[in-house]
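Biologist: Before the discussion begins, please place the sequence and the model in view. I should like each label to be justified by its criterion.

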Amino acid sequence: IIDKLNDYHGLVSLPAGGPRARIGEVVAVVPNHVCPVVDLVSSFVAVGEDGRVDHWAVDARGRSG
């Protein structure tokens, strides 16, 4: 359960007896917003609901402050 999110970190609660990720295991998290992440990269991959993949350039990279 993702309890809290901020720009760079998330706090996760693991219910007693529930599954636990192992070190090195990939855990998918859909962010609620990506402002700081997009600011740190020159491009990213966008995937549509139909599975179509596109590459988008970040024209304003590094301009958040």
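Modeller: The exchange below takes the labels one by one.

Modeller: This is a predicted model, in which local features need pLDDT of at least 70 and side-chain atom pairs count only at pLDDT 80 or more, while totals for chains, interfaces and linings use all residues. Residues are numbered from 1 along each chain as its sequence is written, and side-chain values use heavy atoms, with hydrogens and water left out.

Biologist: What makes the pattern of the protein β-β-α-β-β?

Modeller: The assignment rests on DSSP runs numbered from the N terminus, a helix being H or I over at least four residues and a strand E over at least two. The protein has one helix and four strands, and read along the sequence they give β-β-α-β-β. Helix H1 covers residues 35-39, strand S3 residues 43-47, and strand S4 residues 53-57.

Biologist: How do you know how the radius of gyration of the protein stands against that of a compact globule?

Modeller: The radius is taken over C-alpha atoms, and the globule rule is 2.2 Å times the number of residues to the power 0.38. For 65 residues a compact globule would have a value near 11 Å, but the protein has 16 Å. Along its principal axes the C-alpha trace spans about 45 × 35 × 20 Å.

Biologist: Why is Val27 called exposed?

Modeller: With a 1.4 Å probe and protein chains only, buried means under 20% relative accessible area, exposed over 50%, and partly exposed in between. Val27 has 53% relative accessibility and therefore counts as exposed. Val27 lies in the loop between strand S2 (10-12) and H1. Across the protein, buried residues make up 6% of the 65 residues.

Biologist: Why is Phe44 placed in its accessibility class?

Modeller: Phe44 has 29% relative accessibility, so Phe44 counts as partly exposed. Ala60, in the segment after strand S4, is partly exposed as well, because its relative accessible area is 42%.

Biologist: What does Phe44 touch, not counting residues up to four places away in sequence?

Modeller: Contact means heavy atoms within 4.5 Å. Phe44, in strand S3, touches Val38, Asp54, His55, Trp56 and Val58. By C-alpha distance, Phe44 and Gly24 are 23 Å apart in space and 20 residues apart in sequence. Leu11, which belongs to strand S2, is in contact with Ile1, Ile2, Asp3 and Lys4, again leaving aside neighbours within four places.

Biologist: What makes Ile2, Leu5, Val12, Leu14, Val27 and Val29 a patch?

Modeller: Patches are made of residues with over 30% relative accessible area and no salt bridge; like charges are joined within 9 Å, and nonpolar side chains (Val, Leu, Ile, Met, Phe, Trp, Tyr) within 5 Å. These six, Ile2, Leu5, Val12, Leu14, Val27 and Val29, form a nonpolar surface patch with about 530 Å² of accessible area together. Accessible areas come from the Shrake-Rupley method with a 1.4 Å probe, and for residues only the protein chains shown count as cover.

Biologist: How do you know that Glu25 forms a salt bridge with Arg22?

Modeller: The criterion is a side-chain nitrogen of Lys or Arg within 4 Å of a carboxyl oxygen of Asp or Glu. The closest N and O atoms of Glu25 and Arg22 are 4.0 Å apart, and the pair is assigned a salt bridge. By this rule the count comes to one salt bridge. Arg22 is exposed because its relative accessibility is 64%, whereas Glu25 is partly exposed because its value is 40%.

Biologist: What is the nearest side chain of opposite charge to Asp39?

Modeller: Lys and Arg count as positive and Asp and Glu as negative, with His and the chain ends not counted. The nearest such side chain is Arg61, 6.2 Å away, and Asp39 is buried yet has no salt bridge. Asp39 is found in helix H1 and is in contact with Ala60, Arg61, Gly62, Arg63 and Ser64, leaving aside neighbours within four places in sequence.
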